[in-house]
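Reader: I would like to go through this model and ask, for each label, what it rests on.

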Amino acid sequence: MGGVAEGDEAALLARFGQVKARIDDSVRAAGRAPGSVRLIAVSKTAPSTAVLPLLAAGHRRFGENRVQEAASKWTDLREGWGDLQLHMIGPLQSNKVLQAVSLFDVIETVDRPKLALALSSAMRQLERRPLCFVEINIGAEPQKAGVLPQEADQFIDDCQRRWDLPLAGLMCIPPQHSAPDEAFHQLAEIAARHGLVELSMGMSEDFPQAIAAGATMVRIGTAIFGQRPDKPV
Ligand SMILES: *Cc1c(COP(=O)(O)O)cnc(C)c1O
């Protein structure tokens with residue numbers, strides 16, 4: 001069995017502690033209430049042996065970007081941790097929706113009518129209502145998932161009224177190659193227009209800016225688990 005060696009585990013917990021301290025610093029610097037930003041530890045590609053030390057340290061909120069990987073990693077792992085909150089943060093195909101609704105507690109990537117409709121009927125069928133976020137393609141980048149900013153108001157309305165989804169907030173990945181601050185502020189404005197309180201924004205490279213702009217959840221992988229094998233250096 002592969003495991004995380006003792007030294008690696010200490011390094012992992014040290015990085016985790018540093019990230020939490022930096023979140024607290026950013027919250028203070030922004031003049032926001034302590035504890036107003038929650039950390040989602042993005043454990044995609046990390047083995048369960050890397051997740052266990054965080055669970056043991058009391059962390060309960062994790063993000064995954066693939067249904068299949070999340071199912072094989074978390075189905076057994078989550079048993080002992082009743083208050084675990086598992087977030088889906090990757091693209092979701094309609095044919096994986098039933099599995100996603102039964103596995104995840106939060107689905108952050110609602111980005112098209114077909115998916116919203118499928119989620120709505122899966123929730124009725126399974127009698128389980130994971131919180132939903134609408135993903136906004138805030139920089140309107142052609143290669144990126146998410147609802148275009150100019151279509152956001154209508155889509156958010158439809159998610160709430162037409163499909164009756166338990167919508168908690170908005171999520172974005174800011175555009176590449178430009179300062180993220182403006183994108184974060186734009187996301188906050190759209191959320192405010194709809195009375196949505198949760199803002200999932202900020203990753204390893206930009207979470208202090210996201211917190212300054214009002215993030216309530218930051219999604220952090222690399223700064224906790226280290227460089228992923230799939231990520232170009
Ligand atoms: C991988 C991923 C993250 C974490 O990114 P890091 O740069 O490793 O912190 C956050 N959000 C989404 C949607 C991701 O896919």
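Reader: Which elements cover the buried residues of α2?

Author: In this predicted model, the cover over the buried residues of α2 includes α1 (6–29), β1 (38–42), β2 (61–64), α3 (67–77) and α9 (222–225).

Reader: What makes Ala50, Val51, Pro53, Leu54 and Leu55 of α2 count as buried?

Author: The label requires under 20% relative accessible area, with only protein chains as cover, and these five names are the ones in helix α2 (residues 48–56) that are listed as buried. Just after α2, Gly58 takes a positive phi of about 105 degrees.

Reader: Which residues of α3 are buried, and what do they pack against?

Author: The buried residues of α3 are Val67, Glu69, Ala70, Ala71, Lys73, Trp74 and Leu77, and they pack against α2, β2, β3 (85–88) and α4 (97–103).

Reader: Turning to the ligand, how do you know that Lys44 makes a polar contact with it?

Author: A polar contact is a pair of N or O atoms within 3.5 Å, and an N or O atom in the side chain of Lys44 is 2.6 Å from an oxygen atom of the ligand, so the pair qualifies. By that cut-off the polar side-chain atom of Ser204, at 2.5 Å from a ligand oxygen, also qualifies, as does that of Arg228, at 2.8 Å.

Reader: How much of the ligand does the protein cover?

Author: The protein covers 93% of the 390 Å² of accessible area that the ligand has on its own.

Reader: What classes of residue form the shell around the ligand?

Author: The shell has 6 nonpolar, 3 polar and 4 charged residues.

Note on methods
Residues numbered from 1 in each chain as written. Predicted model: local features only at pLDDT ≥ 70, side-chain atom pairs only at ≥ 80, totals over all residues. Heavy atoms only, no water. Polar contact = N/O pair within 3.5 Å; in protein donor to acceptor, adjacent residues only side chain to side chain. Areas by Shrake-Rupley, 256 points an atom, 1.4 Å probe, with all protein chains shown as cover. Nonpolar A, V, L, I, M, F, W, Y, C, P; charged D, E, K, R; others polar. Buried < 20%, exposed > 50% of the residue type's maximum accessible area, 1.4 Å probe, protein only. Helix = DSSP H or I, 4+ residues; strand = E, 2+ residues; numbered from the N terminus. Contact = heavy atoms within 4.5 Å.
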